[in-house]
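Reader: Please show me the model, and then let me ask about its fold, its surface and its charged pairs.

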Amino acid sequence: MSVHFEERSGVIPCNTPWGNWSQTMEEVFIEVNVPRGTSGKEVKCNLGSKQIELHVKGQQVFKGKLFGITVADEGTWTLEDKCLIRIVLMKTNREAGNCWSSLLEGEYCADAWLQDQMQRKLTLERFQRENPGFDFSGAEISGNFAGGGPDFSSLQK
């Protein structure tokens with residue numbers, strides 16, 4: 001369901017010197033622009049549950065502690081068209097309130113406006129999951145959406 005919502009609602013990327021990163025409730029997506037003609041043998045990518053490291057053609061692109069914890073053996077990377085590396089990390093905490101404010105601790109941070117937009121989107125994604133018959137992809141949200149929005153779990157259906 002997340003993919004369908006994501007296709008309709010668009011992506012809110014956090015731009016970086018090497019590309020960008022974005023997130024859904026379940027995943028973190030990283031896109032790294034690399035020199036055209038890069039081969040898979042020239043890419044060294046280590047994905048851990050708390051750490052990430054990427055080297056291309058012997059040069060470090062990034063290395064550090066992830067903002068949140070991921071499922072290490074579910075992380076993947078691909079090289080597309082010999083010029084773009086896509087990395088997908090699976091979050092362990094898949095709640096709408098788990099909005100990463102940066103990719104690495106203290107690095108590649110989303111500014112306040114972008115963080116707000118990311119949190120709004122994760123809250124709408126949560127509403128979409130809780131109400132599959134409705135389309136929240138173009139909805140606007142205001143009020144208390146920080147931390148994933150209001151908790152309606154105690155209400156009777």
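Author: The answers below go from the whole chain to single residues. This is a predicted model, in which local features need pLDDT of at least 70 and side-chain atom pairs count only at pLDDT 80 or more, while totals for chains, interfaces and linings use all residues. Residues are numbered from 1 along each chain as its sequence is written, and side-chain values use heavy atoms, with hydrogens and water left out.

Reader: In what order do the elements of the protein run from the N terminus on?

Author: Helices (H or I, at least four residues) and strands (E, at least two) are DSSP runs, numbered from the N terminus. The protein has two helices and 10 strands. Their order is α-β-β-β-β-β-β-β-β-β-β-α.

Reader: What share of the residues in the protein is buried?

Author: Buried means under 20% relative accessible area, exposed over 50%, and partly exposed in between, with a 1.4 Å probe and protein chains only. The protein has 157 residues, and the buried share of them is 41%.

Reader: How much of the accessible surface belongs to carbon and sulfur atoms?

Author: Accessible areas come from the Shrake-Rupley method with a 1.4 Å probe; for residues, only the protein chains shown count as cover. The accessible surface of the protein comes to about 8,800 Å². The part that belongs to carbon and sulfur atoms is 50%.

Reader: Which residue stands opposite Leu54?

Author: Strand β5 (residues 51-56) pairs with strand β6 (residues 59-65) in the antiparallel sense, over six bridges; two strands pair if DSSP finds at least two bridges between them. The two strands form a hairpin with two residues between them, and Lys57 in the turn has a positive phi of about 55°. Opposite Leu54, in β6, stands Phe62.

Reader: Is Asn20 buried or exposed?

Author: Asn20 has its place in strand β2 (residues 19-23). Leaving aside neighbours within four places in sequence, Asn20 is in contact (heavy atoms within 4.5 Å) with Pro13, Cys14, Asn15, Phe29, Ile30 and Glu31. Because its relative accessible area is 16%, Asn20 is buried.

Reader: How many residues apart in sequence are the parts that Arg86 and Glu31 tie together?

Author: The side chains of Arg86 and Glu31 meet in a salt bridge at 2.3 Å, N to O; the term requires a side-chain nitrogen of Lys or Arg within 4 Å of a carboxyl oxygen of Asp or Glu. Arg86 counts as partly exposed at 31% relative accessibility, and Glu31 counts as partly exposed at 25%. Arg86 lies in strand β8 (residues 84-90) and Glu31 in strand β3 (residues 27-33), so the pair ties together parts whose separation in residues is 55.

Reader: What is the N to O distance between Asp116 and Arg120?

Author: Both residues lie in helix α2 (residues 112-130), four residues apart, about one turn of the helix. Asp116 is partly exposed at 23% relative accessibility, and Arg120 is partly exposed at 22%. Their side chains meet in a salt bridge with an N to O distance of 2.8 Å.

Reader: With which residue does Arg126 form a salt bridge?

Author: Arg126 is buried, with a relative accessible area of 12%, whereas its partner counts as partly exposed at 40%. The two are four residues apart in helix α2, so about one helical turn separates them. The closest N and O atoms are 2.7 Å apart, and the partner of Arg126 is Glu130.
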